[in-house]
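Grab a pencil and work through these exercises with the model open beside you. Try each task before you read its solution.

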Amino acid sequence: MINLGERLAARRAAGRQRFRRLVESPAGPLQKIDGREILAFCSNDYLGLANHPEVAASLREATHRYGSGSGSAHLINGHTHAHHALEEALAEFTGRPRALLFSTGYMANLGTVGALLGRGDCLIEDRLNHASLIDAGTLSGAKRLRYAHADVEAATRQLARASGETLLVTDGVFSMDGDIAPLPALARAARAHDAWLMVDDAHGIGVLGPGGRGSLAHFGLGLNDAPVLMGTLGKAIGTAGAFVAGDEDLIEYLIGAARTYLFTTAMPAAIAEATRTALSLASREDWRREHLQALIARLRNGAEALGLALMPSQTPIQPLLIGDSAQALAAADALWEHGVLVPAIRPPTVAEGQARLRITLSAAHESAHVDRLLEALAATQAVLAAQTPA
Ligand code: PMP
């Protein structure tokens, strides 16, 4: 018999059990959470589109037209004009011939890797890749070879060892560190070894590159460098879902072979319409990215003045490494007491001894919000000083 009581007790004793906060307000910097007014620095709504009036209006209008649910999978009768138009917009946005919608980024990764690789093939992964890519490798049955974080030489050694069809997959922007993968060198290494590069750009889409076209565009890379691009829609784009963009054959193949595409309900058409509106705002409103960069600089300069070493990152993910899990929690609690929500990220999300405060910024933040965060960090510095490894 499965003894859940025992398992839960063990998880609680090890500090691994999680709890959820109850949110009573829309997405945005100022929220009511657990009955308390709080300034939040934890969402992935990097462009501030998750509560945009035009996006919400599209959602309402499309709900009148299509109803609330799609009712079936894309291959039955779930694929509406709204889904199709969004796929075309995503193809244009990414500069690729075609794009395919998935219901979540997790599913896009499982389905894509599983369709491209099987037993006898090889999946090469950065050690810090997102959990969905790790699970994708396990499910695919391919041999998994990992390399040290962002280490192109180590990746190249794994490429040399690989056999069968080989896919090198990396996050574009690492979700818990905020750094950008060395994509030009990885693309060169993959090509030299006849392997494909797949980039999971969940945190780069909307944020990096001209028009927010993502981390590949940030480096001037395209389809020939990374034939498979996965992006999510629930972060900077502010809605929900994900897509894979690539050439005609990749998308046609995934339509028939990606199990998480075939065997799941299409996202509601209204979400697709809202996403098309959000994507258009994301690509044309450069001021959101410019404001975000100004906030990042303000935070980094302010933290430096306080003697707090944020991890090296040019993206809206600005983590402060603490190390010990209990100390990271204590620091997050101290910030909460100062009216600021920054989550403590602990194992298994990050490696043992690598617990951190994951600060994320959004274009919806104002400079004054960053100043309040810095004040709260200063006020909790006594706690933090005891936590931060020398
Ligand atoms: N990849 C990365 C790098 C992510 O950070 C996430 C979300 N945390 C996902 C994939 C999964 O995306 P979704 O939330 O749409 O399932």
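**Exercise 1. In what order do the three strands of the open sheet that includes S1 stand, and is the pairing parallel, antiparallel or mixed?**

Solution. Before you start, keep in mind that you're looking at a predicted model. Its mean pLDDT is 96, and 98% of the residues reach 70 or more.

- Step 1: Read off the order, which is S1-S2-S11, with mixed pairing.
- Step 2: Look at the edges. Strand S1 (30-33) and strand S11 (340-341) each have a single partner strand, so one side of each has no neighbour in the sheet.
- Step 3: Zoom in on one pair. Four bridges join S1 to strand S2 (residues 36-40) in the antiparallel sense, and Leu 30 sits opposite Leu 39 of S2.

**Exercise 2. Work out whether strand S4 is buried or exposed, and which strands it is joined to.**

Solution. Go residue by residue, then look sideways.

- Step 1: Check burial. A residue counts as buried if at least 20 other C-beta atoms lie within 10 Å of its own. Five of the five residues of S4 (residues 122-126) are buried, so the rest of the structure largely encloses this strand.
- Step 2: Check where the residues point. Cys 122, Ile 124 and Asp 126 face one way, while Leu 123 and Glu 125 face the other way, and all are buried.
- Step 3: Find the first partner to look at. S4 and strand S5 (residues 143-147) run parallel and are joined by five bridges; in S5, Lys 143 is the bridge partner of Cys 122.
- Step 4: Trace the chain between those two. From S4 it goes through helix H6 (residues 131-140) to S5, making a right-handed β-α-β crossover.
- Step 5: Now take strand S6 (residues 166-171). S6 also runs parallel to S4, with four bridges between them, and Leu 123 has Leu 167 of S6 as its bridge partner.

**Exercise 3. Describe the open sheet S10-S13-S12 and the helix that lies across it.**

Solution. Start with the strands and add the helix last.

- Step 1: The three strands stand in the order S10-S13-S12, and their pairing is antiparallel.
- Step 2: Strand S10 (317-323) and S12 are at the edges with a single partner strand each, so one side of each lacks a neighbour in the sheet.
- Step 3: Two bridges hold the antiparallel pair S12 and S13, with Ala 344 opposite Leu 357 in S13.
- Step 4: Helix H14 (residues 325-337) lies across S10, S12 and S13, at about 35° to S13.

**Exercise 4. Track down three spots where the backbone does something out of the ordinary.**

Solution. First, the rule of thumb: most residues other than glycine have a negative phi, and most peptide bonds are trans.

- Step 1: Ala 150 isn't a glycine, yet its phi is positive, about 60°. Ala 150 sits in the loop between S5 and helix H7 (152-161) and is buried, because it has 20 other C-beta atoms within 10 Å.
- Step 2: Asp 194 has a positive phi too, near 60°. Its home is the loop between helix H8 (183-192) and strand S7 (196-200). Asp 194 counts as exposed, with 10 C-beta neighbours inside 10 Å.
- Step 3: The peptide bond from Pro 347 to Pro 348 is cis, with omega near 10°. You'll find Pro 348 in the loop between strand S12 (344-345) and strand S13 (355-360).

**Exercise 5. Where do the UniProt "binding site" residues and Lys 235 sit?**

Solution. Take the record's positions and check them against the model.

- Step 1: An unreviewed UniProt entry places "binding site" at Gly 105, Tyr 106, Ser 175, His 203 and Thr 232. They spread over 128 residues of sequence but cluster in space, the largest C-alpha distance being 13.5 Å.
- Step 2: Gly 105 is in helix H5 (residues 105-116) and is buried, with 25 other C-beta atoms within 10 Å. Its contacts beyond four places in sequence include Thr 232.
- Step 3: Ser 175 lies in the loop between S6 and H8, and its contacts beyond four places in sequence include His 203.
- Step 4: The unreviewed UniProt entry lists Lys 235 as "modified residue: N6-(pyridoxal phosphate)lysine". Lys 235 is in the loop between strand S8 (228-232) and strand S9 (242-246), and counts as buried with 29 C-beta neighbours inside 10 Å.
- Step 5: Leaving aside neighbours within four places in sequence, Lys 235 is in contact with Asn 44, Tyr 46, Ala 202 and His 203.

Key
Residues are numbered from 1 along each chain as its sequence is written. This is a predicted model: local features need pLDDT of at least 70, side-chain atom pairs count only at pLDDT 80 or more; totals for chains, interfaces and linings use all residues. A residue is buried if 20 or more other C-beta atoms lie within 10 Å of its own, exposed if 12 or fewer, and partly exposed in between; C-beta atoms are placed from the backbone. Two strands pair if DSSP finds at least two bridges between them. A crossover is right-handed if, with the strands pointing away from the viewer, the path from the first strand over the helix to the second runs clockwise. Two residues are in contact if their C-beta atoms, placed from the backbone, lie within 7 Å. Axes are lines fitted to C-alpha atoms, for helices over the stretch in contact, and angles run from 0 to 180 degrees between N-to-C directions. UniProt positions are given in the numbering used here, feature names are shortened, and annotations may be inferred rather than shown by experiment. pLDDT is the predictor's confidence in each residue, from 0 to 100.
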